[in-house]
Amino acid sequence: MKDIEQIISRLRELGIDVSTGDVENRYRLLVDRFQVPPREAQRSVLNYYLKEKGIALPARKSEQVKINQIREPGRWVDLEAKVLSLFDSPSPAISQAGILGDETGNIRFVKWAKSGQPDLVEGKSYLLRNLVTDEFQGRFSVKINRSTEISELGRDIESVMLPQSSADYRVSDIRGPGQWINLRAKVVQLWEPSSESIQQQGLLGDETGVVRFVKWAKSGQPDLVEGRSYLLRNLVTDEFQGRFSVKINRSTVIEETEEPIEVSLNRRISGAIVDIQKGSGLIKRCPTCRRPLSKGICAEHGKVEGVYDLRVKAAIDDGLIVQDILINRERVEELIGLTMDQAKEMAMEALDHEVVLALIEEKLIGRYFEVTGPVRDRYLLVDSIKEMAFSEDDLSLLVSRAEGL
């Protein structure tokens with residue numbers, strides 16, 4: 001592999017003889033098990049052997065560049081740029097992520113949590129020395145690491161937010177952060193801003209679902225009106241704790257439209273049930289507030305004589321995301337072919353409620369279903385669920401695709 005070959009080549013240039021297998025094992029451990037980005041893993045493995053031999057790398061030379069001159073990964077550069085926007089961190093390994101800009105363009109930046117560097121401030125301009133360039137899916141970025149030098153400039157860097165090529169999306173098409181999209185949607189609901197940096201926030205919706213939106217106070221954009229429909233060009237998608245959102249920034253184009261948009265508060269997802277969560281099966285609820293009991297105790301009403309119920313809390317994976325779902329008694333009975341009275345009898349005979357949970361796991365885990373329903377907090381509340389049947393042609397196609405990976 002190229003990264004491993006580069007590590008070995010660099011070490012041998014410095015007179016360090018290493019085992020290829022040992023280098024590969026260390027690299028694979030970081031990348032495959034701990035999900036460290038390949039270039040960061042490469043640097044970490046190289047530093048391990050250098051420290052072991054007590055060798056210091058010669059100082060790298062960085063060069064002053066403009067953003068539009070960044071055209072390759074693995075380059076050390078100095079950059080004068082303005083922080084145009086900040087994103088929610090996509091990983092605990094990253095302390096900050098956002099977009100830098102100068103008069104020639106924009107570029108995404110990442111600051112590693114282990115770098116020990118101070119946070120950048122949105123709207124401020126900096127001289128950043130010893131950045132490392134990177135590339136993912138054809139898009140360049142810069143990384144702030146331990147050796148980066150950060151100096152705030154006493155002047156403002158002229159810059160504009162230049163969108164990368166945006167495409168027409170529906171709400172259900174949003175599958176990751178950092179995408180530039182166009183969205184035709186209706187303002188379903190507005191909320192009070194959660195911070196001074198936010199001018200507006202709320203829910204946008206179309207026929208496929210709803211998504212949270214944020215309009216930055218510095219965007220200079222007009223306010224959206226609850227109940228009205230808009231064509232929003234050059235939105236940026238974001239993600240926090242598994243939930244997607246869209247951001248209105250300086251480059252967003254907002255056009256009100258008279259076209260009626262029917263908003264669906266339901267979501268449809270097709271995939272395999274991969275986990276049955278704690279709190280599933282035959283449970284007891286408070287007869288007053290219907291809350292599930294914990295060891296016979298209701299959080300609101302204390303120790304009570306509970307009433308039985310059946311439910312399933314599960315996770316369904318469509319190949320792109322994992323969605324938590326909640327299935328009520330009626331649909332659980334249909335799915336597992338067991339009424340609640342039969343489940344109670346089964347549990348009493350075994351003197352253990354877990355036998356019902358085991359049956360549910362046997363019937364559901366690993367099977368494919370299509371579910372629909374509204375999303376509340378982290379759960380999709382299942383209104384309908386049906387098992388997906390695959391034809392021989394479908395199975396043959398899946399096998400052939402797998403063999404081609």
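Biologist: What is the relative accessible area of glutamate 63?
Modeller: Keep in mind that this is a predicted model. Buried would need under 20% and exposed over 50%. Glutamate 63 counts as partly exposed because its relative accessible area is 40%.

Biologist: Which residue does glutamate 63 meet in a salt bridge?
Modeller: The structure holds 22 salt bridges. In one of them, N to O is 3.0 Å, and glutamate 63 is met by the side chain of arginine 75.

Biologist: How many residues apart in sequence are the parts that glutamate 63 and arginine 75 tie together?
Modeller: Glutamate 63 sits in strand β1 (residues 63-65), while arginine 75 is in the loop between β1 and β2 (76-87). Arginine 75 is buried, at a relative accessible area of 17%. Given where the two residues lie, the pair ties together parts whose separation in sequence is 12 residues.

Biologist: Glutamate 330 and arginine 331 also meet in a salt bridge. Which of these counts as buried?
Modeller: Their side chains meet at 3.9 Å, N to O. Glutamate 330 has 48% relative accessibility, so it counts as partly exposed. At 18% relative accessibility, the residue that counts as buried is arginine 331.

Biologist: How far apart are the closest N and O atoms of aspartate 173 and arginine 170?
Modeller: Aspartate 173 is partly exposed, with a relative accessible area of 32%. Arginine 170 is partly exposed as well, at 40%. These residues form a salt bridge, and the distance between the closest N and O atoms is 3.7 Å.

Biologist: Arginine 285 belongs to a network of salt bridges. Which residues are linked with arginine 285 there?
Modeller: Arginine 285 is in strand β16 and is buried, with a relative accessible area of 13%. Not counting residues up to four places away in sequence, arginine 285 touches several residues, including Pro292, Leu293, Gly306 and Val307. The residues linked with Arg285 in the network are Arg290 and Asp309.

Biologist: What is the C-alpha to C-alpha distance between arginine 285 and isoleucine 297?
Modeller: In sequence, arginine 285 and isoleucine 297 are 12 residues apart. In space, C-alpha to C-alpha, they are separated by 9.3 Å.

Biologist: Let's go to the helices. Within what arc do the buried residues of α5 fall?
Modeller: Helix α5 (residues 340-350) has Met340, Ala343 and Ala347 as its buried residues. Looking down the axis, you see them line one face of the helix, because they fall within an arc of 55 degrees.

Biologist: Which exposed residues does α5 carry on the face turned away from its buried side?
Modeller: The buried residues of α5 pack against β16 (281-285), β19 (307-317), α4 (329-336) and α6 (354-364). On the face turned away, the exposed residues are Asp341, Met348 and Glu349.

Biologist: What arc do the buried residues of α6 cover around the axis?
Modeller: The buried residues of α6 are Val356, Leu357, Leu359, Ile360 and Leu364. They lie on the same side of α6, because the arc they cover is only 160 degrees. Their cover includes β15 (266-276), β16, β19, α4, α5 and β21 (368-376). So, to restate the arc: 160 degrees.

Biologist: Which residue with a positive phi follows α6?
Modeller: For α5, the residue that follows is leucine 351, with a positive phi near 55 degrees. For α6, phi is positive too, near 85 degrees, and the residue is glycine 366.

Biologist: Which element gives the most to the largest nonpolar core?
Modeller: This core has 26 residues, and Ile273, Ile276, Val312, Ile325, Ile360 and Val371 touch the most other members. Elements giving two or more residues are β15, β19, β20 (322-327), α4, α5, α6 and β21. With five residues, the element that gives the most is α6.

Biologist: Which residues of the nonpolar surface patch join Val210?
Modeller: Valine 210 lies in strand β11 (residues 209-216) and counts as partly exposed because its relative accessibility is 32%. The patch has an area of about 200 Å², and Val210 shares it with Val188 and Leu265.

Definitions and conventions:
Residues are numbered from 1 along each chain as its sequence is written. This is a predicted model: local features need pLDDT of at least 70, side-chain atom pairs count only at pLDDT 80 or more; totals for chains, interfaces and linings use all residues. Side-chain values use heavy atoms; hydrogens and water are left out. Patches are made of residues with over 30% relative accessible area and no salt bridge: like charges are joined within 9 Å, nonpolar side chains (Val, Leu, Ile, Met, Phe, Trp, Tyr) within 5 Å. Accessible areas come from the Shrake-Rupley method with a 1.4 Å probe; for residues, only the protein chains shown count as cover. A salt bridge is a side-chain nitrogen of Lys or Arg within 4 Å of a carboxyl oxygen of Asp or Glu. Helices (H or I, at least four residues) and strands (E, at least two) are DSSP runs, numbered from the N terminus. Buried means under 20% relative accessible area, exposed over 50%, partly exposed in between (1.4 Å probe, protein chains only). The arc is that of the directions from the helix axis to the C-beta atoms. Contact means heavy atoms within 4.5 Å. A nonpolar core is a set of buried Ala, Val, Leu, Ile, Met, Phe, Trp, Tyr and Cys residues joined through side-chain atoms within 4.5 Å.
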